[in-house]
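This report describes one protein model, beginning with a helix pair and then turning to a buried side chain, the overall fold and the confidence of the prediction. The sequence and structure are shown below.

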Amino acid sequence: MTNPSGPGGGRLDPSLSVIMSERRRLINLAYRLLGSLADAEDVVQETYARWYAMSRQRQEAVESPGGWLTTVASRICLDLLGSARARRERYVGEWIPEPLPEPAEWIDGRPGGVTVDPADRVTLDESVSMAFLVVLDSMTPAERVAFVLHDVFRYSFTEVAEIVGRTPAACRQLASSARRRIRDAQAPATPAARRAGIVRDFKQAWEAKDIDALIGLLAPDATATGDGGGLATAEPRPVQGAERIARFFVDRASAAPGVTVQECTVNGQPGLVARQEGVTVSVMAFDVAGDRITHIWAILNPDKLRPWTAG
């Protein structure tokens, strides 16, 4: 394989397969850091652009190309996270991480079918569930990067310190603070089959416009949050309380004829997707504690539904 656009264009590039095999792992990392598949893809593209902007001599001097790529991608993400807060202050309505459909080829993390992605040490539903990503989004950029690199991808604090520009002790503190946030936000685990059954019951009650059944499936203090990115049809603020949420969903069902709702996997968890005339108009992720739904995240922003519409 050749790399016409790289240094010395047209020459055989024996390291190309090694470099490109890192792509999936880098997207895994960048998505967890940014909560956006589109942004993750941009970060990885920029990372490779910087690699191929170097001379062949400088590339060959890099002891670990994979480590170099991870460091560069993480630093780009750290910069983006620093500016993301300002961008989200201008965002219309609530901001929710971009939902992932399943199956998703990019997330299998086994380049060439041999190397196991370090992220596989944390199960998919723990590391990219919507509830997990929402907590990650509440962290400072440094907390998020330190935690994801160390706790999810198993980088040492010495390696993390090099990336974030702090001491290993400071990075240990950042990861510990992030861990406490996640621990405080986590509800007792509900078996996957039970979660799927509760989401299915919610779908059926919603389609039947059965307010009492919906209330029975929701925790009394449940919250439903919509992300429409400025769409007039999206609720700009979270809806709180079981009865208010139940009535809200029934009202929306009545106002949107021709919408079909299907069960699906959203970020490794049972969820729902709503389509109208074949176009995905909403993806819903759920958090369940015991036998009740505690959170519903509904993404309506068309930009965030790109992978779903393309599929």
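In this predicted model, helix 8 (residues 141-152) and helix 10 (residues 168-185) pack with their axes 8 Å apart, at an angle of about 90°. Angles of 65 to 115 degrees count as roughly perpendicular, and helix 8 and helix 10 are therefore roughly perpendicular to each other. Helix 8 contributes A142, E143, A146, F147, H150 and D151 to the contact, while helix 10 contributes C171, L174, A175, S177, A178, R179, R181 and I182. By class, this contact between helix 8 and helix 10 comprises 8 nonpolar, 2 polar and 4 charged residues.

A second site of interest is W51, which belongs to helix 3 (residues 37-53). Is W51 buried or exposed? Residues under 20% relative accessible area count as buried; W51 has a relative accessibility of 1% and therefore counts as buried. Apart from its neighbours within four places in sequence, W51 is in contact with I19, Q59, V62, P65, W68 and L69. The C-alpha atoms of W51 and V72 are 9.2 Å apart in space, and the two residues are separated by 21 residues in sequence.

At the level of the whole protein, the model has 14 helices and 6 strands. Of its 311 residues, 49% count as buried. Among contacts with a separation of 6 or more, 64% are accounted for by residues 24 or more positions apart. The accessible surface comes to about 15100 Å², and carbon and sulfur atoms account for 51% of that area.

Confidence varies along the chain. The protein averages a pLDDT of 84, and 85% of the residues score at least 70. The lowest and highest helix values are set out in the table.

| Element | Residues | Mean pLDDT | Rank in the protein |
|---|---|---|---|
| Helix 6 | residues 124-127 | 54 | lowest confidence |
| Helix 12 | residues 211-217 | 98 | highest confidence |

Two stretches call for separate mention. Over residues 1-12 the pLDDT is below 50, and this stretch has 21 contacts in the model beyond near neighbours in sequence. The pLDDT is also below 50 over residues 104-125, a stretch with 44 contacts in the model beyond near neighbours in sequence.

Notes
Residues are numbered from 1 along each chain as its sequence is written. This is a predicted model: local features need pLDDT of at least 70, side-chain atom pairs count only at pLDDT 80 or more; totals for chains, interfaces and linings use all residues. Side-chain values use heavy atoms; hydrogens and water are left out. Helices (H or I, at least four residues) and strands (E, at least two) are DSSP runs, numbered from the N terminus. Buried means under 20% relative accessible area, exposed over 50%, partly exposed in between (1.4 Å probe, protein chains only). Contact means heavy atoms within 4.5 Å. Accessible areas come from the Shrake-Rupley method with a 1.4 Å probe; for residues, only the protein chains shown count as cover. pLDDT is the predictor's confidence in each residue, from 0 to 100. Axes are lines fitted to C-alpha atoms, for helices over the stretch in contact, and angles run from 0 to 180 degrees between N-to-C directions. Angles under 35 degrees count as roughly parallel, over 145 as roughly antiparallel, 65 to 115 as roughly perpendicular and the rest as oblique. Ala, Val, Leu, Ile, Met, Phe, Trp, Tyr, Cys and Pro count as nonpolar, Asp, Glu, Lys and Arg as charged, and the others, Gly among them, as polar.
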